[in-house]
Amino acid sequence: MSRLLTLLNKNLILAIPIGMVLGFGFGLAFPSAWLKALIIPLTFLMVYPMMVTLKLDKVLEGGDTKAQLMAQAINFGIIPFVAFGLGRYFFPAQPYYAMGLLLAALLPTSGMTISWTGFAGGNLGAAVKMTVLGLILGSLATPFYVQWLMGATVPVDLGAVFSQILFIVFLPMVAGHLTRSRLVKKHGQQRFQKEWAPRFPPFSTLGVLGIVFVAMAMKAGQLMARPGELLVLLLPLLCLYGINYLLSTLVAKLLLPRDDAIALVYGTVMRNLSIALALAMNAFGPAGSDAALVITLAYIIQVQSAAWYVKLTDKMFGAKPAP
């Protein structure tokens with residue numbers, strides 16, 4: 001079982017499209033309304049494991065203040081408004097699609113931020129800190145951004161959004177921190193990092209694939225009736241990621257040293273789609289499945305683009321100096 005989970009975790013590029021296809025087929029062949037009952041347990045399965053490996057104490061470390069401030073300025077001062085503008089332009093009569101685009105933009109950084117920064121030879125410490133700060137700030141800011149930007153077109157229950165953020169983010173964060181502390185105390189930091197930490201992320205991947213499966217199954221009938229829908233949704237997502245990569249690369253290249261620059265790009269372009277997806281499915285009723293579909297497609301673009309960007313890193317920022 002662990003081998004299968006590890007294999008899925010390492011092959012998200014293939015696993016997510018396969019999960020979408022399987023969910024679509026299931027939704028056409030069988031009743032899918034009952035799958036909604038699986039969303040809450042899948043959400044916890046998706047979020048809790050990533051919290052166990054999150055180093056909250058990294059926030060208190062210094063040394064990369066400029067990169068951190070620039071990352072959060074892009075994450076919360078620019079990208080949400082780009083997503084809102086794209087949503088207004090592409091989905092003037094489909095506010096929940098626009099909501100999905102906004103949610104994807106409001107929750108920056110994930111485990112992918114750290115992984116891809118490492119693959120590209122960037123500053124891992126800065127990436128970890130961006131991940132923690134982005135998660136906390138995004139969770140606190142998202143209800144207000146949603147109410148402010150989308151409240152006129154989508155019924156937004158601010159209390160319900162806050163309660164979902166509490167359940168989806170902060171409860172697993174506390175549980176994950178307690179689990180991490182207990183394991184480190186029992187086995188030591190080195191053994192935890194070597195033996196225990198790698199066991200958790202594959203379970204998070206299983207939760208992601210489960211949510212993707214459910215989201216596609218619940219939308220299968222609508223997509224079958226309008227087969228061009230996926231292409232319509234992909235265009236604004238491509239625009240969002242394209243603008244994000246271009247902006248972050250230019251800012252990083254002009255203002256930061258190589259390693260911090262790479263961390264900045266992945267700390268602003270990689271979105272926490274797992275939490276965005278869980279929030280869409282839990283906080284906005286049945287219509288939230290429209291928002292969830294947009295976020296599901298964002299997974300494909302995010303993973304593929306991150307892999308390609310690693311190959312271009314040396315051309316963008318120069319080769320990593322020899323030690």
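How are H12 and H13 oriented to each other? In this predicted model, H12 and H13 are roughly antiparallel to each other, and the report below sets out that packing before turning to the pair H3 and H9.

## Helices H12 and H13

Helix H12 spans residues 229-255 and helix H13 spans residues 258-269, and their axes, which come within 9 Å, cross at roughly 155°. Because angles over 145 degrees count as roughly antiparallel, H12 and H13 are placed in that class. The crossing in which H12 passes H13 is right-handed.

On the H12 side the contact is made by Tyr241, Asn244, Tyr245, Ser248, Thr249, Val251 and Ala252, while H13 contributes Ala261, Leu264, Val265, Thr268 and Val269. Divided by character, the residues of this contact comprise eight nonpolar and four polar, with no charged residue.

## Helices H3 and H9

The axes of helix H3, residues 39-52, and helix H9, residues 158-187, come within 8 Å and cross at roughly 45°, and H3 and H9 are therefore oblique to each other. Here, too, a handedness can be assigned, with H3 passing H9 in a right-handed crossing.

From H3, the residues that make the contact are Ile40, Thr43, Phe44, Val47, Tyr48, Met51 and Val52, and from H9 they are Phe167, Ile168, Val169, Pro172, Met173, Ala175, Gly176, His177, Thr179 and Arg180. The residues of the contact of H3 with H9 divide into twelve nonpolar, four polar and one charged.

Note on methods. Residues numbered from 1 in each chain as written. Predicted model: local features only at pLDDT ≥ 70, side-chain atom pairs only at ≥ 80, totals over all residues. Heavy atoms only, no water. Axes fitted to C-alpha atoms, helices over the stretch in contact; angles between N-to-C directions. Helix = DSSP H or I, 4+ residues; strand = E, 2+ residues; numbered from the N terminus. Parallel < 35°, antiparallel > 145°, perpendicular 65-115°, else oblique. Left-handed = near helix turned anticlockwise from the far one by under 90°. Contact = heavy atoms within 4.5 Å. Nonpolar A, V, L, I, M, F, W, Y, C, P; charged D, E, K, R; others polar.
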